[in-house]
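Student: I'm new to this structure and I'd like a close look at a single part. Could you pick out one stretch and walk me through what surrounds it?

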Amino acid sequence: MVQNRISTAGVPMPFLTDDQRRAMLANGAARDRGEDTDPYPVVKLYAPGCDACWVLTALDADGDRAFGLIDAGVGCPDLGEVSLAMLAGIRGPRGLPVALEPGYRARKTLSAYVVDARRDGMVTD
């Protein structure tokens with residue numbers, strides 16, 4: 001069940017279940033320790049009505065800054081960080097908020113998603 005969490009900025013962040021949050025925090029801690037990891041993404045978020053999406057693997061200890069493949073829908077997907085609080089404030093063309101892709105299950109590691117997205121100019125999975 002996705003819970004409606006409140007960020008430190010007071011913005012609702014209804015993106016992650018407790019299990020997803022734990023997995024992303026563990027991946028973030030491994031990344032902070034400098035471990036050479038290439039995890040499977042944990043979640044995929046998307047903006048209804050446009051081509052933007054975020055395939056995320058890790059979460060910083062602050063619980064807001066997430067790392068993964070960012071596709072703004074303009075043909076240049078790349079690795080980066082994004083604030084979940086910022087995503088919670090985004091509304092698509094029809095006023096719909098960013099949402100968790102239901103039933104998303106990663107089929108490959110983050111690096112494989114990056115290779116495919118750069119080749120295709122967008123996240124296709």
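Tutor: Let's start with a hairpin: strands β5 and β6 form one with 6 residues between them, and in that turn G73 has a positive phi of about 85 degrees. Before going on, a word on where this comes from: the model is predicted, so local features need pLDDT of at least 70 and side-chain atom pairs count only at pLDDT 80 or more, while totals for chains, interfaces and linings use all residues. Residues are numbered from 1 along each chain as its sequence is written, and side-chain values use heavy atoms, with hydrogens and water left out.

Back to the hairpin. Strand β5 covers residues 65-71 and β6 covers residues 78-83; strands here are DSSP runs of E with at least two residues, helices are runs of H or I with at least four, and both are numbered from the N terminus. β5 and β6 pair in the antiparallel sense over 6 bridges (two strands pair if DSSP finds at least two bridges between them). Across that pairing, R65 stands opposite S83.

Now look at the other neighbour of β5. Strand β4, residues 53-59, runs antiparallel to β5 and is joined to it by 6 bridges. Here L56 stands opposite G68. β4 and β5 also make a hairpin, with 5 residues between them, and G63 in its turn has a positive phi of about 75 degrees.

So how covered is β5? Mostly: 5 of its 7 residues are buried, where buried means under 20% relative accessible area, exposed means over 50% and partly exposed lies in between, with a 1.4 Å probe and protein chains only.

Next come the charged side chains. Side chains of opposite charge can pair when their charged atoms come close. A salt bridge is counted when a side-chain nitrogen of Lys or Arg is within 4 Å of a carboxyl oxygen of Asp or Glu, and the whole structure has 11 of them. One links β6 to something farther along the chain: the side chains of D78 and R118 meet at 2.3 Å, N to O. D78 lies in β6 and R118 in helix α3 (residues 110-120), so this pair ties together parts that are 40 residues apart in sequence. D78 itself is partly exposed, at 36% relative accessibility.

Helix α3 has a salt bridge of its own, between R119 and D116, with the closest N and O atoms 3.1 Å apart. These two sit 3 residues apart in the helix, about one turn. Back at β5, R65 belongs to a network with R31, D60 and E81, joined by salt bridges that share partners.
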